[in-house]
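Let's walk through this protein together, one part at a time. Have a look at the structure first, and then we'll start with a word you'll need along the way.

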Amino acid sequence: MENTSITLTRYLLMQQREHPGATGEFSMLLSQIAFAAKTISRELGRAGLVDVLGASGEINIQGEVQQKLDQISNGAFLAAFANGQLVSEMVSEEMEHPTPIQGNEDKGKYVIFVDPLDGSSNLDVNVTVGSIFSVHRRPEGIKGTALVDALHLRGRGQVAAGYALYGPSTTLVYTTGQGVHGFTLDRSIGDFLLSHEHIRIPERGSTYSINEGRRNTWFPPTRAYIDYLQETDTQTKRPYSGRYIGSLVADFHRTLLKGGVFLYPADPKNARGKLRLMYEAAPLGFVAEQAGGRASDGTQPIRDIVPDSLHQRTPLIIGSAQDVQTAESFYH
Ligand code: P6P
């Protein structure tokens with residue numbers, strides 16, 4: 001059977017057959033996530049035509065001006081999980097507190113952490129943006145105010161993670177711990193079709209991705225590592241090429257497929273880095289590791305960090321295993 005005719009649902013069922021213990025819940029959960037991604041893709045596709053561009057005027061938990069499409073995307077995820085019996089609460093960049101999912105009170109076995117629309121500042125200039133999701137099992141018997149502390153979960157405990165990429169095509173990439181698989185939305189049938197089975201990231205790449213505009217603020221290890229990548233050495237394929245879109249999901253997806261390294265390090269303005277641990281760095285770290293890559297804050301694997309707050313930030317170095325290890329040697 002041609003790959004192009006394998007829908008996400010069919011692939012999930014095929015995977016389920018290969019893992020007898022699987023209950024089919026992941027298939028249903030990922031189908032709900034796929035529905036949210038299709039909804040968001042549709043909204044983004046017509047954003048330029050309907051007056052939804054520009055800020056909503058509200059400020060989100062991060063202190064950032066919230067774009068209308070951020071709110072629409074957040075709502076798309078809440079709607080996709082409602083009455084779906086699987087997700088009990090959602091933690092989102094756009095909401096200060098964990099939000100119970102309508103109709104699933106005390107039923108859902110999973111808590112989902114999302115960045116509903118990452119890179120939204122690029123929307124007005126039609127640059128690729130994405131959604132990022134991370135799935136954890138809901139801790140047992142937790143109620144009320146104890147929930148927030150109970151959700152300070154290490155990335156190692158994720159049961160699924162991935163992202164949707166809204167670019168020239170809409171792509172959904174996920175892992176449930178059985179490798180990384182990518183699907184592309186066929187709008188003519190309204191379904192995701194298998195397009196990238198078993199994605200593996202090259203051991204080493206030849207591209208680095210960082211905001212060079214912050215060079216003068218970088219701490220010494222960052223500057224030393226980027227200087228190293230810019231030296232000429234044919235044996236190690238240096239100098240590397242620089243590529244930076246300013247949309248985490250787009251920069252990560254290129255790194256996943258082509259290899260290399262993406263960095264958003266700490267700097268004097270971002271003492272703990274800019275990117276969020278639970279719904280940006282940890283899910284992408286799970287995907288990277290499942291594809292044979294590596295993700296670190298410079299000193300430890302991203303997925304080993306125990307959060308002390310749901311919206312905490314972290315430095316992120318992610319990509320080809322050998323490139324991330326080389327980078328870490330500058331931070332140790
Ligand atoms: P800077 C987008 O706002 C975002 O959160 C990520 O998608 C992206 O990687 C990063 O910020 C870009 O930040 O400081 O380089 O503009």
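When we say two residues are in contact, we mean that they have heavy atoms within 4.5 Å of each other. Keep in mind, too, that what you're looking at is a predicted model.

Now for the overall layout. The protein is split into domain 1, covering 3-196, and domain 2, covering 207-331. If you take the centres of domain 1 and domain 2 over their C-alpha atoms, they sit 23 Å apart. How many residues of domain 1 are in contact with domain 2? There are 47 of them, and they meet 33 residues of domain 2.

So what does that meeting place look like? About 3000 Å² of area is buried between domain 1 and domain 2, and carbon and sulfur atoms give 61% of that. On the side of domain 1, the residues that lose the most area to domain 2 are His 152, Arg 156 and Tyr 163, which together make up 21% of what that side buries.

Arg 156 turns up again when you look at charges. It forms a salt bridge with Glu 289, and the closest N and O atoms of this pair are 3.2 Å apart. In total, four salt bridges are counted between domain 1 and domain 2. Polar contacts join in as well: 14 residue pairs across the interface of domain 1 and domain 2 fit that rule, with both partners at pLDDT 80 or more. Several strands help build the side of domain 1 that touches domain 2, with at least two residues each from strands E3 (87-92), E5 (110-118), E6 (129-137), E7 (160-166) and E8 (170-175).

Next, let's go inside. The largest nonpolar core holds 41 residues, and the ones touching the most other members are Ile 33, Phe 81, Ile 112, Phe 133 and Val 135. Helix H2 (residues 25-45) gives the largest share of this core, eight residues. Apart from it there's another core, this one of 38 residues, including Val 111 and Phe 262.

Pick out Ile 112 for a closer look. Leaving aside neighbours within four places in sequence, Ile 112 is in contact with nine residues' worth of company that includes Ile 33, Phe 81, Met 90 and Phe 133.

Finally, find Thr 207, which belongs to strand E11 (residues 207-209). Is Thr 207 buried or exposed? Its relative accessible area is 17%, and buried means under 20%, so Thr 207 counts as buried. Not counting residues up to four places away in sequence, Thr 207 touches several others, among them Tyr 240, Arg 243, Arg 254 and Val 261.

Notes. Residues are numbered from 1 along each chain as its sequence is written. This is a predicted model: local features need pLDDT of at least 70, side-chain atom pairs count only at pLDDT 80 or more; totals for chains, interfaces and linings use all residues. Side-chain values use heavy atoms; hydrogens and water are left out. A nonpolar core is a set of buried Ala, Val, Leu, Ile, Met, Phe, Trp, Tyr and Cys residues joined through side-chain atoms within 4.5 Å. Buried means under 20% relative accessible area, exposed over 50%, partly exposed in between (1.4 Å probe, protein chains only). Helices (H or I, at least four residues) and strands (E, at least two) are DSSP runs, numbered from the N terminus. Domain bounds come from an automatic or database domain assignment. Buried area is the accessible area (1.4 Å probe) that two parts lose on being put together, summed over both. A salt bridge is a side-chain nitrogen of Lys or Arg within 4 Å of a carboxyl oxygen of Asp or Glu. A polar contact is a pair of N or O atoms within 3.5 Å; within protein, one must be able to donate a hydrogen and the other to accept it, and residues adjacent in sequence count only if both atoms are side-chain atoms.
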